[in-house]
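Me: Here is a chain I would like to go through with you. Shall we take it step by step?

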Amino acid sequence: MKRFIALILLAATVFSVHAQNHGYRNPVIKGFNPDPSVCRVGDDYYLVTSSFQYFPGVPLYHSKDLINWEQIGHVLDRESQISLKEARSWGGIYAPTIRHHNGKFYMITTNISSKGNFIVTADDPRGDWSEPIWVDIPGIDPSLFWDEDGRCYYTGADGGCIFAEINPDTGEVLSKPKMIWYGSGGRYAEAPHIYKKDGWYYLLMAEGGTEFGHGVTIVRSRNVDGPYETAPHNPILTHVGRNAQSNPIQCVGHGDIIQAHDGSWWIVALGVRTQCMASQHHLLGRETFLAPVRWDKGAWPVVNGDGQLFLDMDVPTLEQHAAAEKQTFWSFDEPLGPEWSYLRNPETDRYIIKDGKLSLYGSATPLRTYEGSTTFVCYRQQDQCFSAQTCVELKNAKSGDEAGMSLYMETEAHYDIYLKKKGGKNYITLRYHLGLMEHTEEVPAGTSKVWLKVSGNYDTYFLHWSTDGKTWKELGAQKACYLSSETNWGFTGIMIGLWAYSPNEDGKIKPSDFHADFDSFRYTAE
């Protein structure tokens, strides 16, 4: 009997170990997190994504297994590092690359709303990163590669892959930039990364545009500056073919390859989870996905067998380590964490956390414009079916002052539910703002304090309000596809925003000014 029990326990242990080293769910980082780049230091992995018009810039994640990621901060967290003046959802910070060399971390990216390409460095990625080191080479999506002799090379996209030797610590360009590959024929060749393996230099790029024709291609050469020959099975990652036409993940591309500490190879890439109208729209933005890579000696890399990703990946993995549990409720009794973002550079004195309240002092910059600093702090929608709620109270409000929640895609596309002061009374107001079209509805609130809730499924967003946080009244329901990237363009995803607006403010913030007190926020995946 004891032997039988021992065998049962051994089997259970083997199964447990296998379960911890097999299979995972994509995307590995949900919500608006595009253009992933990854590096490894020992058995620690660090990953960055694009942030566009949001501040702080360049979200920074850490993992032990490439699957479970924890956001540990942002690379660009000071206004001196990142100017987002008048940036919209196709402006600001484009695709970053993170690398580690000789004990130092390097992140290179492009601010297309400012001076272009720049590098920041850090000894500890969790600490402060340096001020920008500008690199005077045109283009976007820059990357860095150190060869075995210690020389550092820049690659970037400007109609193909631009290549030059640089000094990454000063930004000095040491050789004349030149084009080394135009791509394999797909449009918008971008996101170049160089790797060296088995005596070959491999150049990875994205092609096809970051929509449904997107993909990843690769070429190689015996010389770092070429000439490069193309892989016979390009693209090595794409969902443009018939085999993936029904896949709920589309637009995959913009990859970065990493060798894990156990010797296995992996690729992180962006993709979208489609929804609405026969799966031709997406709302969560481009997210970060993971796939295994087979890369035999002297051979071309093969992504997940046939170059396709799935939501459920039934493959061997590194030993999995659970990340810290994500926070889903905030009582605003401590500073906001890195999961929160601001729209462009914030006027920080308009955001005050005190006594369990997040007080937002309304600015005169409304949600429908990108000129100025809107009082707006937001959290990524990460699930197609979700709900989020808050409680808001107007303080010192005058006619025209308003505050509430927004399902925000960009300046010309958002659904808002908010409390507004008008003619001495408070009204719950619903607003659909879509380009030149705007529709509003309002009902008397009877109070200056209300609960607001936004929720969504695959096809529809719903907006509710309550006077007690228990009994909810639906004020509106609208098609989700009207907020999609396919309808509005832009490179971002839906953000759930808390905001305040005042046409009465004079630019000088005083305690007696209008502000909105938010006493909680809850996000729930459904």
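Me: How far apart are the mean positions of the positive and negative charges of the protein chain?
Reply: This is a predicted model. The protein chain carries 48 positive and 63 negative charges. Averaging each set gives two mean positions, and their separation is 3 Å.

Me: What radius of gyration does the protein chain have, against the globule rule?
Reply: The chain has 526 residues. For that length, a compact globule would come out near 24 Å. The protein chain agrees with this, because its own value is 24 Å.

Me: What share of the residues is buried?
Reply: Buried here means under 20% relative accessible area. Applied to the 526 residues of the protein chain, that cut-off gives a buried share of 58%.

Me: How many helices and strands are there in the protein chain?
Reply: Both kinds of element are present. The count is two helices and 39 strands.

Me: Which strands stand at the edges of the eight-strand open sheet?
Reply: The sheet runs in the order 4-26-29-38-31-32-33-34, with antiparallel pairing. An edge strand has a single partner, so one of its sides is left without a neighbour in the sheet. The two that fit are strand 4 (54-55) and strand 34 (437-444).

Me: Which residue of strand 29 stands opposite tyrosine 342?
Reply: Strand 26 covers residues 340-343, and strand 29 covers residues 375-380. The two run antiparallel and are joined by three bridges. Opposite tyrosine 342 stands valine 377.

Methods. Residues are numbered from 1 along each chain as its sequence is written. This is a predicted model: local features need pLDDT of at least 70, side-chain atom pairs count only at pLDDT 80 or more; totals for chains, interfaces and linings use all residues. Side-chain values use heavy atoms; hydrogens and water are left out. Helices (H or I, at least four residues) and strands (E, at least two) are DSSP runs, numbered from the N terminus. The radius of gyration is taken over C-alpha atoms; the globule rule is 2.2 Å times the number of residues to the power 0.38. Buried means under 20% relative accessible area, exposed over 50%, partly exposed in between (1.4 Å probe, protein chains only). Lys and Arg count as positive and Asp and Glu as negative; His and the chain ends are not counted. The place of a charge is taken as NZ of Lys, CZ of Arg, CG of Asp or CD of Glu. Two strands pair if DSSP finds at least two bridges between them.
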